[in-house]
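Grab a pencil and try these exercises one at a time. Each task comes with a solution that goes step by step.

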Amino acid sequence: MNNRIVNVGVVGTGMIGSLHAGILSRQTDGARVVAVMDIDGDRAAAVAAECGGARMFTDAEALINAADVDAVLIASPDAFHAEAALACIAAGKPVLCEKPMATTRADAERVLQAEMAAGRRLVQVGFMREYDRAHRDLLELLQSGAIGGALRFRGIHMNPRRASQTSIDTAVVNSLIHDIHSARFMMGAEIADVFTRWVPSDPGNRRSARYAIVHVSFDSGAIGTLEWSGDSGYGYEVEVEITGESGSAGTTGVHSPVLRQAGARSQAITPNWPDRFYDAYVEELSAWADSVMAGEATGPSAWDGYMSLAVAEACIKSSETGQPEQVIAVARPAMY
């Protein structure tokens with residue numbers, strides 16, 4: 001690897017993959033996209049051209065094992081994340097794997113065990129909220145002791161309408177997974193048990209989901225709720241509020257100017273996640289490129305990827321049993 005430039009291969013050139021590729025090519029010092037992979041040739045060609053003529057692949061393992069690829073960004077559909085991450089570990093190449101790291105706890109454990117066998121951290125998981133200024137400011141305030149010990153976490157995650165119907169299983173693994181990780185890293189504690197309740201989007205399909213609330217308990221003794229909407233009706237919004245022993249603090253989901261006009265006071269709401277978290281993605285990719293050059297992953301780890309899936313599995317089980325469910329997980333390895 002050139003000690004000043006990280007040659008990145010991007011697996012998956014859909015919405016998030018093309019976003020990452022563009023940021024890596026235009027806004028990340030010390031990184032360049034040299035290869036892209038997608039089974040959709042036209043889409044891959046468009047992204048490759050935007051990245052200055054990157055090579056195109058139709059096979060993920062071929063890209064991962066290419067001699068000129070130093071590190072890999074996985075942005076393929078969720079079901080392919082674990083196998084691609086395992087291939088990166090086998091090749092000894094650092095990888096930024098979009099969330100979720102896998103779609104099941106068992107597959108996430110395979111990635112965890114493979115990285116442990118490799119003997120060093122190679123995997124970073126794309127929980128970009130750790131790089132969001134609003135979340136970092138709130139975490140720093142909490143860690144300062146300004147509101148005392150944390151007693152309650154509340155996460156709010158409002159999405160605009162999706163093109164297709166979402167199941168409660170998909171809502172948890174693909175979307176609420178962000179809130180699960182936010183709760184863990186903001187509270188500095190693991191989630192011990194969960195209780196899932198939701199509103200179907202289709203009354204005739206009980207497993208469909210429009211709105212969900214997951215009640216959580218932490219191993220620290222704190223409690224919390226994760227609220228999710230798959231069809232807010234107004235746009236995209238993410239907020240976190242933490243209640244402490246001597247006060248409370250929270251982020252705000254709206255960052256636009258306040259407009260007072262024609263007898264009304266209003267603020268514009270971002271239409272979707274790329275607008276709300278664009279700066280966080282830029283910070284995330286810059287930090288990842290730096291960690292690759294330094295020789296070890298530093299962001300959200302394979303352990304974070306594994307634990308988020310362990311909690312997600314308990315959420316889904318609770319949705320099936322209608323009862324609170326404990327989170328089942330292996331003991332945290334010393335490596336993490």
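## Exercise 1: Helix α1

The buried residues of helix α1 are Ile16, Gly17, Leu19, His20, Ala21, Gly22, Ile23 and Leu24. Here, buried means under 20% relative accessible area, exposed means over 50%, and partly exposed is in between (1.4 Å probe, protein chains only). Helices (H or I, at least four residues) and strands (E, at least two) are DSSP runs, numbered from the N terminus. Before you start, note that this is a predicted model: local features need pLDDT of at least 70, side-chain atom pairs count only at pLDDT 80 or more, and totals for chains, interfaces and linings use all residues. Residues are numbered from 1 along each chain as its sequence is written, and side-chain values use heavy atoms, with hydrogens and water left out.

**Task.** Work out what the buried residues of α1 pack against, then look at Ala21 in helix α1.

**Solution.**

1. Start with the length: α1 has 13 residues and reaches 17 Å from its first C-alpha to its last, close to the expected 18 Å. The expected span is 1.5 Å times one less than the number of residues.
2. Next, find the partners. The buried residues of α1 pack against β1 (6-11), β2 (31-37), α2 (41-50), β4 (71-74), α8 (273-276) and α9.
3. Zoom in on Ala21, which is buried with a relative accessible area of 1%. Not counting residues up to four places away in sequence, Ala21 touches Val10, Val33, Val47 and Cys51; contact means heavy atoms within 4.5 Å.
4. Check one of those pairs: Ala21 and Val10 are 11 residues apart in sequence, and their C-alpha atoms are 6.9 Å apart in space.

## Exercise 2: Two helix crossings

**Task.** Describe how α1 meets α9, then do the job again for α6 and α7.

**Solution.**

1. The axes of α1 (residues 15-27) and α9 (residues 278-294) come within 10 Å and cross at roughly 65°. Axes are lines fitted to C-alpha atoms, for helices over the stretch in contact, and angles run from 0 to 180 degrees between N-to-C directions.
2. From α1, the contact uses Ile16, Leu19, His20, Ile23, Leu24 and Gln27, while α9 brings Tyr278, Tyr281, Val282, Glu284, Leu285 and Trp288.
3. Sort the α1–α9 contact by class and you get 9 nonpolar, 2 polar and 1 charged residues. Ala, Val, Leu, Ile, Met, Phe, Trp, Tyr, Cys and Pro count as nonpolar, Asp, Glu, Lys and Arg as charged, and the others, Gly among them, as polar.
4. Now the second pair: the axes of α6 (residues 133-143) and α7 (residues 168-187) come within 10 Å and cross at roughly 35°. His135, Leu138, Leu139 and Leu142 of α6 meet Ser182, Phe185 and Met186 of α7.
5. Sorting the α6–α7 contact gives 5 nonpolar, 2 polar and no charged residues.

## Exercise 3: The two faces of α5

**Task.** Why do the buried residues of α5 sit on the same side of the helix?

**Solution.**

1. List the buried residues of α5: Arg105, Ala108, Val111, Leu112 and Glu115.
2. They cover an arc of only 120° around the axis, so they end up on the same side of α5. The arc is that of the directions from the helix axis to the C-beta atoms.
3. See what that side meets: the buried residues of α5 pack against α4 (81-91), β6 (123-125) and α10 (302-321).
4. Flip to the face turned away from the buried side, and you'll find the exposed residues Ala106 and Ala117.
5. Finish at the end of the helix: α5 is followed by Gly119, which has a positive phi near 90°.

## Exercise 4: Loops and a buried cysteine

**Task.** Which peptide bond is cis, and is Cys88 buried or exposed?

**Solution.**

1. A cis peptide bond joins Lys99 and Pro100, with omega about -10°. Pro100 is in the loop between β5 (95-97) and α5.
2. Another loop, between β13 (258-261) and β14 (264-267), holds Ala262. Its phi is near 50°, a positive value in a residue other than glycine.
3. Cys88 is in helix α4 and counts as buried, at 0% relative accessibility.
4. Leaving aside neighbours within four places in sequence, Cys88 is in contact with Ile64, Val72, Ile74, Lys93 and Val95.
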